[in-house]
Amino acid sequence: MATVLNLSSVRVSSKGVSRLSNTSSSLFRQPNSISFTRRKLIIRASETNAKDEVKSKAPDNAPSKEGSSINQILGIKGASQETNKLKIRVQLMKPVTWPPLIWGVVCGAAASGNFHWGVEDVAKSVLCMLMSGPCLTGYTQTINDWYDRDIDAINEPYRPIPSGAISESEVITQIWVLLLAGLGIAGILDVWAGHDFPTIFYLALGGSLLSYIYSAPPLKLKQNGWIGNFALGASYISLPWWAGQALFGTLTPDIIVLTILYSTAGLGIAIINDFKSIEGDRAMGLQSLPVAFGVDAAKWICVGAIDVTQLSVAGYLLYAGKLYYALALLGLIIPQVVFQFQYFLKDPIKYDVKYQASAQPFLVLGLLVTALATSH
């Protein structure tokens, strides 16, 4: 490699360079040559052994040809680069984010007390899961990536949109197809459930609007760490629960309050995803909590929101006379706290995925425990 500098005409030559090895013996290398030509300085590094070469280190989350194809299809970091348009479209929909929404439908159905293990009820549930997960969550993730393309160009320039792996028209088409499919399914579910008022359709429409203003200007709720993350938490916990419960029963005020409270835990979960985007968020002026408060403060806000919320729900169940459900929920909180100290609180940037994979199953099981408690 050569470095060129403009200088006056000079010529300098070094005879040799000696260096001290680990055993204090002198090793002589090929001479470095430094020549100053007319207004140019050209410096060439001397030859070195392969073991002494300094290699640049790629970012931890940068993809490579050896990246994981599983990560690619799930839409998470460490993904392999892909040219197949179908796989790229699925990657934009981030299937890894679907399970909480699908589980929310399960919790809502359980909380209704009217779900029965028959062909019709199972078919209704599956269709509601399709609406909440692949369709409307896929819409949310795609539109978020579209409006985050400038941030991703800083944080993750290899992602499908900033890298140019998928065109603008293809992304916009995907957004509209997923949105209309989700709203269409919602309308079908209302008819199937015999609703006089299209409850599920309006829940889907409201959730879609919330997703839009979360990502898109001029509101762009995600610019404010508190409002944006709470909106995201409500979308992931409250809305699918309400849809599942409305499909098989009726929404009651206590369920609405309880699920909104649980959305505070969703706020904590949403903060986890902000740690990987600190550089881009700061450059684009987004006040995510890790940017506004710093990494150390934000990680404690995150785990505090998750833990305090669940402890509050356990207290509510105990107050309502649901002792065994309250104890079961407390038992599910303990391993979450253990994984917080083992992974997340040590390094929220390095261990974000590992923490979510280990701790979140206990949180979603706690949701089901709460749903079952409210159905009895």
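## Reading a helical chain, feature by feature

Modeller: Let's start with contacts: among those in the protein chain between residues at least 6 apart in sequence, 66% join residues at least 24 apart. Keep in mind that this is a predicted model.

Biologist: How many helices and strands does the protein chain have?

Modeller: There are 15 helices and six strands. As for cover, buried residues make up 43% of the 376 residues. The accessible surface of the chain is about 19,600 Å², and carbon and sulfur atoms account for 63% of that.

Biologist: Let's take one helix. How far apart are the end C-alpha atoms of α13, and what span should its 25 residues give?

Modeller: The trick is to use a rise of 1.5 Å a residue, counting one less than the number of residues. For α13, residues 295–319, that gives an expected span of 36 Å, and the end C-alpha atoms are indeed 36 Å apart, so the two agree. Just after the helix comes glycine 321, with a positive phi near 85 degrees.

Biologist: Which residues of α13 are buried?

Modeller: The buried set includes Ala298, Lys299, Cys302, Val303, Ile306, Asp307, Gln310, Val313 and Leu317. Their packing partners are α10 (253–272), α12 (289–293), α14 (323–344) and α15 (352–375).

Biologist: There's a lysine in that set. What does the side chain of lysine 299 meet in a salt bridge?

Modeller: First the general idea: side chains of opposite charge can pair when their charged atoms come close. Here lysine 299 pairs with aspartate 296, at 3.6 Å from N to O. The two are three residues apart in α13, so about one helical turn separates them. Their cover is worth a look too: lysine 299 counts as buried because its relative accessibility is 10%, while aspartate 296, at 53%, counts as exposed.

Biologist: How many salt bridges does a search of the whole structure find?

Modeller: Seven. One of them joins glutamate 120 and lysine 124, with 3.8 Å between N and O. That still counts because the cut-off is 4 Å. These two sit four residues apart in helix α4, which again puts about one helical turn between them. Glutamate 120 is partly exposed at 45% relative accessibility, and lysine 124 is buried at 9%.

Biologist: And which residue forms a salt bridge with aspartate 145?

Modeller: Lysine 94, and the closest N and O atoms are 2.8 Å apart. This pair links distant parts of the chain: aspartate 145 is in α4, lysine 94 is in the loop between α2 (85–93) and α3 (98–112), and 51 residues separate them. Aspartate 145 is buried, with a relative accessible area of 5%, and lysine 94 is buried as well, at 11%. Arg159 joins in too: Lys94, Asp145 and Arg159 are linked in a network of salt bridges.

Biologist: While we're on α4, is threonine 137 buried or exposed?

Modeller: Buried, because its relative accessibility is 4% and the limit for buried is under 20%. Threonine 137 lies in α4, which covers residues 119–147. To read its surroundings, skip residues up to four places away in sequence; what it touches beyond those is Met93, Thr97, Trp98, Leu101, Ser132 and Tyr236.

Biologist: Now a polar side chain. What does the side chain of glutamine 360 make a polar contact with?

Modeller: With the side chain of glutamine 356, at 2.9 Å. Glutamine 360 belongs to helix α15. Its relative accessible area is 17%, so glutamine 360 counts as buried. Leaving out residues up to four places away in sequence, glutamine 360 touches Ile269.

Biologist: Last one: where does UniProt place the feature "transmembrane region"?

Modeller: The unreviewed entry puts it at residues 175–193, 199–214, 226–243, 255–276 and 324–345. A handy check is to lay such a record over the model. Residues 199–214 come out as 100% helix and 0% strand, with end C-alpha atoms 22 Å apart. Residues 255–276 are 82% helix and 0% strand, and there the end C-alpha atoms lie 34 Å apart.

Conventions: Residues numbered from 1 in each chain as written. Predicted model: local features only at pLDDT ≥ 70, side-chain atom pairs only at ≥ 80, totals over all residues. Heavy atoms only, no water. Buried < 20%, exposed > 50% of the residue type's maximum accessible area, 1.4 Å probe, protein only. Contact = heavy atoms within 4.5 Å. Areas by Shrake-Rupley, 256 points an atom, 1.4 Å probe, with all protein chains shown as cover. UniProt positions renumbered as here; feature names shortened; annotations may be inferred. Polar contact = N/O pair within 3.5 Å; in protein donor to acceptor, adjacent residues only side chain to side chain.
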